[in-house]
Amino acid sequence: MLSNSLIEADREHLLHPLSSFRGHEREGVRVMASAKGAWLTDREGHRLLDGFAGLWCVNAGYGHESIVEAAAEQMRRLPYATGYFDLGSEPAIKLAEALAERAPGDLDHVYFTLGGSDAVDSTIRFIRYYNHARGTPERDQFISLEQGFHGSSTAGAGLTALKGFHTGFGVPYEWQHKIPSHYLYRNPVGSDPETVIAASVAALTAKVDEIGKDRVAAFYAEPIQGSGGVLVPPPGWMKAMAQTCRELGILFVADEVITGFGRTGPLFACEEEGVVPDFMTVAKGLTAGYAPLGAVFMADHVYQTIADGAGDVAIGHGYTYSGHPVSTAVGLEVLKLYEGGLLDNGRRAGKRLMAGLESLGEHPLVGDVRGRGMLAAIELVTDKGAKTPLPAAAEAGKRVFDRAYKNGLIVRAFAQGVIGFAPPLCCSDEEIDEIVARTRRVLDETL
Ligand code: PLP
């Protein structure tokens, strides 16, 4: 049994991200105690199949001794080395090299952060710096998508469109603008791929015209919008948007914090359409959640412009833990696992997951099934024809999460009545089938 003193200590002292203070006082905490493979065990001994890989990050599954060993060995040898002042450490250099070799096109330069939010934040800073370096400092406006999530830092939260990240914090910055999402299931232009792509291209072009052609610095997009409800664009969407950015003379930033590292099949989702962005942000799967680490990939042409513009002047942006040796040693080991069979297993399991979820499409509550690879969602409705959302969808989402938990399954219940799936890439066929079977039980109980 979970000791009451632990629950009380949590209530009294630990502030939980994305939880309401009063709600948390009322509901208390569910403490995870241990984990192995795709399974978690909570402090009360319940076994839970993790259909969400922690927070879309534990791609390798839990309890990999080789990762634990890589971290321990690095801690023994050199637990910390700054990357400041032209100092460095072996794992940070080796991981940067390995990532650059595998990244699309000329994304040859890697800047390590602590996670995804500060990776996105760093791109904003670098893009501002880039435009100063090339003599166009007035290009200081940024565009992103409705339903997009780009982290929770002060600046990045403004690129994020989800209202929950703005409510109570004041209006996001006036230099951050939004255009409609491709959201195929609920797009006012319909779901025909070509029409949806044309509408997104037209919206970006119109927004740049509205702001001023010489004012816009960059457009940000996730290859699949994750926290917005796993919104998968039609094939060709990202390529068309990247091409439009080129034509408009603005930078394209692909935020692969969720989609990177095999989540959708290839190492990076950009590869699927042969897209080479000017910046790419990653985190989560980079260390499979075993240590905090994020990264910004910078294209060579951006790097050269900044390097020429700055000359010998140091760029005033960096963190104490940039390129942390332990996190980067973990990243190197995780990369070995991806290439040693994890990516292949994820691709196989992803097909089975999609087929399984599609079989739920007949369920009276399921309006839409969508996803790619090991990233998927089902959207719940009360009337399929009218696509009527669940009443009080946020509360319904919480009920779905609680029912799933009782059924020994962790999923993500999004506010709008969407259930998200992002299992570890190591899942066996039986585990994937179990995720689908348990989800069916949850739906039946929700009716
Ligand atoms: N960008 C995207 C697309 C994300 O999904 C997330 C987190 O879920 C972030 C950025 C922020 O990453 P972090 O939570 O590591 O700061």
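How many bridges join strand 9 to strand 10, and which way do the two strands run? Four bridges link strand 9 (residues 279–282) with strand 10 (residues 294–298), and the pair is antiparallel.

The model is predicted: local features need pLDDT of at least 70, side-chain atom pairs count only at pLDDT 80 or more, and totals for chains, interfaces and linings use all residues. Residues are numbered from 1 along each chain as its sequence is written.

**View 1. Overall fold of the chain.** The chain has 13 helices and 16 strands (DSSP runs numbered from the N terminus; helices are H or I of at least four residues, strands E of at least two). Its C-alpha trace spans about 60 × 60 × 45 Å along the principal axes. A compact globule of 447 residues would have a radius of gyration near 22 Å, and the chain agrees, with 22 Å (taken over C-alpha atoms; the globule rule is 2.2 Å times the number of residues to the power 0.38). Of the 447 residues, 48% count as buried (20 or more other C-beta atoms within 10 Å of the residue's own; exposed means 12 or fewer, partly exposed in between, with C-beta atoms placed from the backbone).

**View 2. The open seven-stranded sheet.** The strand order is 4-10-9-8-7-5-6, with mixed pairing (two strands pair if DSSP finds at least two bridges between them). Strand 4 (109–113) and strand 6 (176–179) are the edge strands, each pairing on one side only. From one strand to the next, the twist averages 20° (axes are lines fitted to C-alpha atoms, for helices over the stretch in contact; angles run from 0 to 180 degrees between N-to-C directions). Phe-279 stands opposite Met-298 in strand 10.

**View 3. Helices packed on the sheet.** Helix 6 (residues 116–133) touches strands including strand 4, strand 5 (141–145) and strand 7 (216–221) (contact means C-beta atoms, placed from the backbone, within 7 Å). The direction of helix 6 makes about 30° with that of strand 10. Helix 8 (residues 193–211) lies across strand 5, strand 6 and strand 7, and runs at about 150° to strand 6.

**View 4. The two sides of helix 5.** The buried residues of helix 5 are Pro-91, Ala-92, Leu-95, Ala-96 and Leu-99. They lie on the same side of helix 5 because they cover an arc of only 130° around the axis (the arc of the directions from the helix axis to the C-beta atoms). On the other side of helix 5, Glu-97 and Glu-101 are exposed. Cover for the buried residues of helix 5 includes helix 4 (65–77), strand 4, strand 10 and helix 11 (325–358).

Notes
Contact = placed C-beta atoms within 7 Å.
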